[in-house]
Amino acid sequence: MNYSIALAGNPNSGKTTLFNELTGSKQHVGNWPGVTVDKKEGTYRKNKEITILDLPGTYSLSPYSAEEIVARDYIVKEKPHAVINIVDATSIERNLYLTLQILETQIPTVIALNMMDEVEARGDIIDINKLSKLLGVKVVPIVARSGRGLKELMEVAVDVAKAAKKPEVLDLFDDNISSAVSKIEELLDDAKAEERLWKAIKILEGDEIVTNSLSEPVKVSAEKVVKEAEKHADGDTEAKIADLRYQFISKTVKVAVKKKNTGHVETTSDKLDKILTNRILAIPLFAGIMYLIFAITFGESPIGVGVWLQTIVTDFWDGPLTTAIEEFLVNAGAADWALSLVIDGILAGLGGIISFLPQILVLFLLLSFMEDSGYMARVAFVMDRIFRRFGLSGKSFIPLLMGFGCSVPALMASRTLENEKDRRLTMMITPFMSCGAKLPIYLMFAATLFPNDNQTLVVYSIYFLGLAVAILSGIILSKTLFKGDISNFIMELPQYRIPTLRSVLIHAWDKLKGFAIKAGTVIFASTVLIWLLSNFNFSGMVDMEDSFLASIGNTFAFIFAPLGFGNWRATVGTFTGFIAKENIVSTFGVLFGASEDVATAAAEGAGALPGVTEIFTKVSAYSYMAFNLLCMPCFAAVGAIRREMGSLKWTLRTVGFQMLTAWVVAFLVYNIGNLIF
Ligand SMILES: Nc1nc2c(ncn2[C@@H]2O[C@H](COP(=O)(O)OP(=O)(O)OP(=O)(O)O)[C@@H](O)[C@H]2O)c(=O)[nH]1
Ligand SMILES: [Mg+2]
C-alpha cells in the first residue's frame, strides 16, 4: 500500500532541506521565510511506497497568503496519511502554535525537532520525552542538514501512518471554549467524525472559509453558539483561543526546555545585524557587496575569477575545438554550405553562450551564498524601511532579488505577498531585473565595445539600471494603477547561517544545468534557423544583406531607429531574445561572426565580436542593452506571468507596460548619452 507523508511547519524551519534529504531531490532551499511556494512531491529514497510532500511554510492553519492556502488545503482536504511537523527547535514557542492546530486536525502526526545542532551549540537542553508526553505525539530530534535522526524519524512516521494513529486531543481550552467546541461539533453531524474538532475550533475562531462551507441552518445555529461563547470571552473568541494556546505552549516549554542563557544575549546574528541593517550603512554596504560580487565575476585578476575561467573555455572552444571540427569536415569533403552551417552557424552561435557559462556560474555561486546566508532577507528588510514611504512593500524585494537568477521562480515567489494588488505590481516589475540569461548580452558588448574601459562598471551599472527602473516604476504604479494601503511587512529575519557547500553547489548547478539544456535545445535550434534565414532567400543562398532575415529585420527596424539601433541585425537579435535572452548573443554570433576568421576573433579578447562595432557605438550599445534588459521577458517568463496573474488581460497589460518602459528608457539613454559622450 502507498502512504503519503506531508512535511508541514513554519517558514524557514527546514522542510525543504528535509525533503531533499529524504527524496534525493534538489528543491530550492534558502535562508528566508517563503522559499517554497508550491507543494512538491517525491518518493522516499529507502521505500518507494512512501510519497513525501514538501509544503510551503505557514504560521497557522488560518491562511493569509496564497502559498499558505496551499499548505492548509493539502493538510485538511487531501489528508496525507501522516504529517511530519517540522519544528525549528531554536524557536519552539513560535513553532508550536502551528503544531497545536495540526494536532487538532486529528491527522496522524510526528514532530521533527529540527536544527538540533544550533540548539546544542547554544547549550540549551530539550527534554524530548517530556515534550512528547505533553504534546501527545512522538517527537524526534533531527538535524535535517546533516541527515541526523532521519532514519528514526521516518520509522516513526511510517508507523503512525500505517496505524492511522490519531493524536490525543489536548486539554488546552477553558470550560467556556471547550463547551462551545463540543456544541458546534454536535451541529456538524454530517462532517466526518475526525474533521469535526478542527472545524468546530475554526468556526469559533471566525474562519470564513470553514463558516461559508456550512449549510445555512447549521451556520445559523453555529453562529448562535459563537455569540454565546463570545460573551464569556471578552467578546473575542479568536483572541481567547490564541491566548489559551500560548498559555499551553509556555507551560510546555517551561517544563521541557532548559535554556542555558535566560534573558537576552547578543548573538553573532544580532551583532552582524547592527552593522548590516544599520540605518545609514545598510544601503552603501549592499551596493558594496553587489559591486564585489560583480568584480569577482567580471573584473580583472586577481579577484576576477570569472574572467579567468572564461578565457580557458573560450581558448578551447575557438581554438582546438573549432580547428579540429573544421579539419574533420574538410577532410571528410563536406560541402561549403555544410561547413558554414557548422562553423559560422552552430559553433559561432553556441560558442557565444558557452564562453559566458563560467561567469554565469561564478555569479550564481555568489548569489546563492547571499541567499543561503540570510543576507537577502536583510536587504528586503532594509528596503522596506525606505520604500514603505513610497507605497512599496519590502516583501516585493525578495522576488526582485531572486530575479537576478531567473524571472520564472522570482515571479512565483510573489505569491508570498498577501494582497492581489501588491502581487500584481511585483509581477509587473520583477522582469526588469537582470536575469542570468541577459548577462551574456552585456558581457558580449562589454568585451566588444568597452575593451579598454571598466567593464565591471558597465555591467554593474546595467544591473543597477534594472533595479532602479523596477523601483521607480513600482513607485509610479503604486501611485496610479495600484492605489491603496500597503500590506504590513511581517517577515522575521532568519539567523545568519553559513551555507553548506552542498546547497550552494546545488543552486549553481541547477541554474547552470538549465542553461546547458537551453543551449542544447532551444538555442541550438534557433541558431540553425537564424543561419538558414540569414543565408537564404527565395533564390537560394545569398549575401546576408539580401536574406530573408534582413527583410524581416528591415521591416521592423524603424521602431528602434530613435533608440540608436534601427538596423535589421539588432532588430532580429531582440526578436530572438523573446525565445530566450541568450539567443541575442548566439544570433549576433551568427550574424556578425561569419565574416571574420577565428584567429582574429580570439585575439580581440574572450567573447568579443568585432563586427558589432560597425553598427554600434558605445552609446547605442548601452541603449540596446537597456532595451533588452527591460523589454518583454522571454516566453517562459511571460507564461509564468500568465499563470500567476490568472488573467490574459493583465498579462497583456504587463507586457505592454514593459515594452513601453524599455522604449522610453532606451530613448533617454541614447539621446542623453549622445549629448554627454
Ligand atoms: N543549522 C541548521 N540549519 C538548517 C537545518 N535544516 C535546514 N537548515 C537551514 O535552514 C534554512 C531554511 O531551510 P529550508 O529547507 O529552505 O526551509 P523551509 O522550511 O523549506 O522554508 P520555506 O520553504 O520558506 O517554508 C536554510 O538556510 C537551511 O540550510 C539544520 O538541521 N540545521
Ligand atoms: Mg521550503
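**View 1. Gly14 and Thr16 meet the oxygens of ligand 1.** In this predicted model, a polar backbone atom of Gly14 sits 2.9 Å from an oxygen atom of ligand 1. Thr16 joins in through its side chain, with a polar atom 2.7 Å from an oxygen atom of the ligand. So much for the oxygens; the next view turns to a nitrogen.

**View 2. Asp117 meets a nitrogen of ligand 1.** Here an N or O atom in the Asp117 side chain comes to 2.9 Å from a nitrogen atom of ligand 1. How much of the ligand's accessible area does the protein cover? On its own, ligand 1 has 660 Å² of accessible area, and the protein covers 98% of that.

**View 3. The shell around ligand 1.** Count the residues surrounding the ligand and you get 25, with Lys15, Thr16, Thr17, Val35 and Thr36 the closest. Sorted by class, that shell holds 12 polar, eight nonpolar and five charged residues. Which helices supply at least two residues each? They are α1, covering 15–23, and α4, covering 116–122. The top contributor is α1, which puts three residues into the shell.

**View 4. The stretch at 595–603.** Worth a cautious look: pLDDT stays under 50 across residues 595–603. For this stretch, the model has six contacts beyond four places in sequence. Where pLDDT is low, the predicted coordinates shouldn't be read in detail. Across the protein, mean pLDDT is 88, and 97% of residues reach 70 or more. For the complex, the predictor gives an ipTM of 0.99 and a pTM of 0.84.

**View 5. Stepping back to the fold around the close-ups.** The protein has 30 helices and 10 strands. Its C-alpha trace spans about 90 × 50 × 50 Å along the principal axes. The radius of gyration is 29 Å, which agrees with a compact globule, because one of 677 residues would come out near 26 Å.

Definitions and conventions: Residues are numbered from 1 along each chain as its sequence is written. Chains are lettered from A and ligands numbered from 1 in the order in which they are written. This is a predicted model: local features need pLDDT of at least 70, side-chain atom pairs count only at pLDDT 80 or more; totals for chains, interfaces and linings use all residues. Side-chain values use heavy atoms; hydrogens and water are left out. pLDDT is the predictor's confidence in each residue, from 0 to 100. Contact means heavy atoms within 4.5 Å. A residue is near a molecule or strand if one of its heavy atoms lies within 4 Å of it. A polar contact is a pair of N or O atoms within 3.5 Å; within protein, one must be able to donate a hydrogen and the other to accept it, and residues adjacent in sequence count only if both atoms are side-chain atoms. Accessible areas come from the Shrake-Rupley method with a 1.4 Å probe; for residues, only the protein chains shown count as cover. Helices (H or I, at least four residues) and strands (E, at least two) are DSSP runs, numbered from the N terminus. Ala, Val, Leu, Ile, Met, Phe, Trp, Tyr, Cys and Pro count as nonpolar, Asp, Glu, Lys and Arg as charged, and the others, Gly among them, as polar. The radius of gyration is taken over C-alpha atoms; the globule rule is 2.2 Å times the number of residues to the power 0.38.
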